Amino acid sequence: MTFPTTRMRRLRASAGLRDMVAETSLEARQLMLPLFVRPGVGVRREIGAMPGVAQLSVDLLVEEARALAAVGVRSVILFGIPSRKDAVGSEGYAEDGIVQQAVRALRAALPELIVCTDVCLCEYTDHGHCGVICRGDVDNDATLELLARMALSHARAGAQMVAPSDMMDGRIGTLRRALDGDGFDQVSIMAYSAKYASAFYGPFREAAESPPQFGDRRSYQMDIRNAREALREVELDLAEGADIVMVKPALAYLDIIRQVRDAVNVPVAAYNVSGEYSMVKAAAAQGWIDEKRVALETLYAIRRAGADIILTYWAREAALWLRNI
Ligand code: PBG
């Protein structure tokens, strides 16, 4: 049956009808906010390339998380800006490192909040790479041991979830064994499984003060031209014990999110990265687009592609917007 019997506009006629038949939902509980923590007290350092995002000292971080929880967002992922960087990223796995301090403070102040930590050396190394350098290249196996130390120190501080973003081979199995060996079998691993060597991370590198000082990340992050390889990364991470797999970036990789969602039975996360956020902010500041509508359209698109969880800098605003829709 076709026109005039069938009229697609019938179910679009009112907000009530549109809501009734909407295929995709977006809820605060599905959002995770990335937060940047730095040493000090009362410190709020705005990130020029990411309007509305700031590096915060632990005290202000707790306030930010409180405001977030108040609008229904239940999880955060932490990135640390240490006071000192060195060749092996020592501050990343120091028991009193900045992320470890932040985890303890958040867990004490907001016991219900899910505190996830990013596990990667790039914020802590003076060369800005995600692992240790041997003979001019990032050494995979030497890096694994340091990542395990970092994940363990986060778990000891109280993190319920760790998220390795380094893209070394074998890191998921290494972290799972390390965590289990120390009694942290309840700490889950969200693997940045399909993480591409993307130019969309540009603004984040200002936020995390982590640009590589030489070369780029293409010897460990994925080639932007590949899709099948993403499924292989996901498969391997699951075999090694990942609880959640992630696709990153999100918007230019919606096809990958969909393929991963169709291929596995674990929750799929997608990272709506800094560049995706900053482009919208910049265009909105010019009056060229409507930030709220574009941001929500972006988040719905990521959900429609198949993501269960979205890491996004819009988490708090989106939760507020969704309340008033
Ligand atoms: C660390 C890391 C990066 C991002 C998350 N974890 C940067 C990178 O790999 O260069 C990017 C996040 C964003 O752009 O919002 N390895």
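Where is Pro4 found? In the segment before helix H1, which spans 15-21. Keep that residue in mind; I will come back to its peptide bond. One caution before anything else: this is a predicted model.

Overall picture first. The protein has eleven helices and twelve strands. Its radius of gyration is 20 Å, close to the 20 Å that the globule rule gives for 325 residues, so the protein is as compact as a globular protein of that length. Along the principal axes, the C-alpha atoms fill a box of roughly 70 × 45 × 40 Å.

Now the ligand. How many residues surround the ligand? The count is 17. The closest are Lys195, Arg205, Lys248, Ser274 and Tyr313. By type, the shell splits into nine nonpolar, three polar and five charged residues.

Let's take the polar contacts by residue. Start with Lys195. An N or O atom in the Lys195 side chain is 2.7 Å from an oxygen atom of the ligand. Next, Lys248. Here a polar side-chain atom lies 3.3 Å from a ligand nitrogen. Then Ser165. An N or O atom of the Ser165 side chain is 3.4 Å from a nitrogen atom of the ligand.

How much of the ligand does the protein cover? The answer is 100% of the 400 Å² of accessible area that the ligand has on its own. And the space taken by the ligand is the largest cavity.

On to the backbone. Back to Pro4, as promised. The peptide bond from Phe3 to Pro4 is cis, with omega near 10°.

There is a cis bond at Pro249 too. The bond from Lys248 to Pro249 has omega near -5°. Lys248 should sound familiar: it is among the residues closest to the ligand. And where does Pro249 lie? In the loop between strand E10, residues 244-248, and helix H8, residues 254-263.

One more backbone point: Arg135. This residue is not a glycine, yet it has a positive phi of about 50°. Arg135 sits in the loop between strand E6 (132-134) and strand E7 (137-139).

To recap. The ligand is 100% covered by the protein. Lys195, Lys248 and Ser165 each place a polar side-chain atom by the ligand, at 2.7 Å, 3.3 Å and 3.4 Å. The bonds into Pro4 and Pro249 are cis.

Key
Residues are numbered from 1 along each chain as its sequence is written. This is a predicted model: local features need pLDDT of at least 70, side-chain atom pairs count only at pLDDT 80 or more; totals for chains, interfaces and linings use all residues. Side-chain values use heavy atoms; hydrogens and water are left out. A residue is near a molecule or strand if one of its heavy atoms lies within 4 Å of it. A polar contact is a pair of N or O atoms within 3.5 Å; within protein, one must be able to donate a hydrogen and the other to accept it, and residues adjacent in sequence count only if both atoms are side-chain atoms. Accessible areas come from the Shrake-Rupley method with a 1.4 Å probe; for residues, only the protein chains shown count as cover. On a 1 Å grid over the protein atoms alone, a cavity is a set of points where a 1.4 Å probe fits but cannot get out, and a pocket is an open set with protein on both sides within 12 Å along at least five of seven lines; lining residues have an atom within 4 Å of a point. A molecule sits in a cavity or pocket if more than half of its atoms lie within 2 Å of its grid points. Ala, Val, Leu, Ile, Met, Phe, Trp, Tyr, Cys and Pro count as nonpolar, Asp, Glu, Lys and Arg as charged, and the others, Gly among them, as polar. Helices (H or I, at least four residues) and strands (E, at least two) are DSSP runs, numbered from the N terminus. The radius of gyration is taken over C-alpha atoms; the globule rule is 2.2 Å times the number of residues to the power 0.38.
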